[in-house]
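Here are my notebook entries from an afternoon of looking things up in one structure. I kept them short, one topic at a time.

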Amino acid sequence: MARLSTPMRVYVASGRFTEPDPDLPELATRIRALLAEVAGDEAWQRFLTGYTPPPVPQICASLEPVETHEAAAFLARLAGADLVWPSHQHLPAETAERAAEQVVALLGPEAVWWTNHDTECGAVNGLTPLFDSLLAGTDGECFALALQIADD
């Protein structure tokens, strides 16, 4: 996941759950922690004054499923291309694709993936007052999160 991170734009987290039988609320708790990390980043504090990450139930409600076979491409786009200016690359496409494929392979074909995008209509359920894009995956034991944040 670290290879998908870029300073002040793409934040990542991964690890192993400590709770027994983790599910979506435990994944949302990890998402909330990542949002708190972004809010604490000095580069974003002026844009996020007074921001508190949404509560876990609200995060759960904002997530839409992503098909496992679509997760690597989604993750590569999220890490590689800027949300506001898609022609600007944060990472070379090949680097993002290779790292994303490895992450998805490590979680395996039974992993479940979630995003704050409604892939049917293209709407985004924002988790911050800025532009944001999240992809979160879990195999029930480990998790991987990637969040890109941008301001126009």
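**Entry 1: the sheet.** Before looking at partners I noted the rule for pairing: two strands pair if DSSP finds at least two bridges between them. The model I have open is a predicted one. I looked up the strand order and found five strands in an open sheet, S1-S5-S4-S3-S2, with antiparallel pairing. S1 (10-16) and S2 (64-66) are the edge strands; each has a single partner strand, so one side of each has no neighbour in the sheet. On average, neighbouring strands here are turned by 20° against each other, direction ignored.

Next I checked S1 against S5: they pair in the antiparallel sense over seven bridges. Which residue of S5 stands opposite Gly15? I found Phe143 there.

I then asked which strands H4 touches as it packs on the sheet. The list came back as S1, S2, S3, S4 and S5, and the direction of H4 makes about 140° with that of S4.

**Entry 2: helix H1 and Arg30.** H1 covers residues 24-40. I compared its span with expectation: at 1.5 Å a residue, its 17 residues should span 24 Å, and the end C-alpha atoms are indeed 24 Å apart. The buried residues of H1 are Leu24, Leu27, Ala28, Arg30, Ile31, Leu34, Leu35, Val38 and Ala39. I traced what they pack against and got S1, H2, H3, S3, S4 and S5.

Arg30 made me stop, being an arginine on that buried list. Why does Arg30 count as buried? Its relative accessibility is 16%, and the cut-off for buried is under 20%, so Arg30 qualifies. I looked for a polar partner and found that the Arg30 side chain makes a polar contact with the side chain of Glu19, at 3.2 Å. Setting aside neighbours within four places in sequence, I see Arg30 in contact with Arg16, Phe17, Thr18, Glu19, Phe143 and Leu145. Phe143 is thus a contact of Arg30 as well as the residue opposite Gly15.

**Entry 3: helix H5.** I ran the same span check on H5 (residues 93-107): its 15 residues reach 21 Å from first C-alpha to last, close to the 21 Å expected at 1.5 Å a residue. Buried or exposed? I sorted the residues of H5 and put Ala96, Ala99, Ala100, Val103, Val104 and Leu107 in the buried group. They cover an arc of only 135° around the axis, which puts them on the same side of H5. On the other side I noted Glu94, Glu101, Ala105 and Leu106 as exposed.

The buried group packs against H4 (68-80), S3 (112-115), S4 (131-138) and S5 (142-150). Just after H5 comes Gly108, and I read its phi as positive, near 90°.

**Entry 4: two loop residues.** Asp82 is in the loop between H4 and H5. With a relative accessible area of 5%, Asp82 is buried. Its side chain makes a polar contact with the side chain of His90, at 2.9 Å. Beyond four places in sequence, I list Arg9, His88, His90 and Gln148 as contacts of Asp82.

I finished with Pro55, in the loop between H2 (42-45) and H3 (56-62). At 45% relative accessibility, Pro55 counts as partly exposed. I also looked up its separation from Asn116: 61 residues in sequence, and 15 Å in space, C-alpha to C-alpha.

Methods
Residues numbered from 1 in each chain as written. Predicted model: local features only at pLDDT ≥ 70, side-chain atom pairs only at ≥ 80, totals over all residues. Heavy atoms only, no water. Helix = DSSP H or I, 4+ residues; strand = E, 2+ residues; numbered from the N terminus. Buried < 20%, exposed > 50% of the residue type's maximum accessible area, 1.4 Å probe, protein only. Polar contact = N/O pair within 3.5 Å; in protein donor to acceptor, adjacent residues only side chain to side chain. Contact = heavy atoms within 4.5 Å. Expected span 1.5 Å × (residues − 1). Arc of directions from axis to C-beta. Axes fitted to C-alpha atoms, helices over the stretch in contact; angles between N-to-C directions.
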